[in-house]
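Thanks for making time this morning. I would like to walk you through one sheet and one residue beside it, and I will keep to what was computed.

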Amino acid sequence: MIRKRARWMVIVGAVGLLTLGTLTGVAVTKGDFGSGQRLALANCGPPKAPGTVVQVTLSDRNGVMMGAGNSMMVSLNASPSSIAAGIVTFVATNVGASNHELLVLPAPADGVGTRSIGNDGKIDETASLGEASTSCGSGVGQGISPGTTSWVTLHLEPGNYELLCDIPWHYANGMFTALHVN
Ligand SMILES: [Cu+2]
């Protein structure tokens, strides 16, 4: 009687391990292929968005060859593009196929799009007021992966600002827009 129960325990234990192994296998497969993981991450967003919310859309059409030295088609759009001074939460969603970021800087004296670009394809980020550059989180990170959102909350005084992506060569290819704060 005791021996029989012990044997059953072994069988139940083995089935449990097999089930666990199968579940782990599925999770790894989803991660490897991306689609399952991307669907899960697409639902992410700020738990609360204080102040005025500016929705920023980061987009690209990599592989589309353009004329005049441009090798990528990237864009950054903000809505609304004019807001009242105070607390602002930028919610940046990457609808493209490659990583992007959102940086907020005072606009250059000569207007948006006029920053000098280094040999590394990046701008001088020294004057950055804040950024949304991580997948499904706020603040600084390794870039917002496709299908995910990042966010940052700032206090902005009246003035002209520039929103941009500083992944190498994205700014040079037009990934910036103006934000006016009244
Ligand atoms: Cu970009």
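I will start with the conventions, then take the sheet, and then turn to the residue.

This is a predicted model, in which local features need pLDDT of at least 70, side-chain atom pairs count only at pLDDT 80 or more, and totals for chains, interfaces and linings use all residues. Residues are numbered from 1 along each chain as its sequence is written.

Now the sheet. Five strands (DSSP runs of E, at least two residues, numbered from the N terminus) form an open sheet with mixed pairing, in the order E3-E10-E9-E5-E6, where two strands pair if DSSP finds at least two bridges between them. Its edge strands are E3 (82–83) and E6 (130–132), each of which pairs on one side only.

At the E3 edge, 2 bridges join E3 to E10 in the parallel sense, and Ser-82 stands opposite His-180 in E10. E10 also pairs with E9 (residues 159–164), this time antiparallel and over 6 bridges, with Leu-163 having Thr-177 in E10 as its bridge partner. At the E6 edge, 3 bridges join E5 (residues 102–106) to E6, again antiparallel, and Val-104 has Gly-130 as its partner there.

That brings me to Asn-182, in the segment after strand E10 (176–181). Is Asn-182 buried or exposed? Asn-182 is exposed (12 or fewer other C-beta atoms within 10 Å, placed from the backbone), because it has 8 of them. Even so, Asn-182 and Ala-84, 98 residues apart in sequence, lie 4.8 Å apart, C-alpha to C-alpha. Leaving aside neighbours within four places in sequence, Asn-182 is in contact (C-beta atoms, placed from the backbone, within 7 Å) with Ser-82, Ala-84, Ala-85 and Pro-158.

Methods. Helices (H or I, at least four residues) and strands (E, at least two) are DSSP runs, numbered from the N terminus. A residue is buried if 20 or more other C-beta atoms lie within 10 Å of its own, exposed if 12 or fewer, and partly exposed in between; C-beta atoms are placed from the backbone. Two residues are in contact if their C-beta atoms, placed from the backbone, lie within 7 Å.
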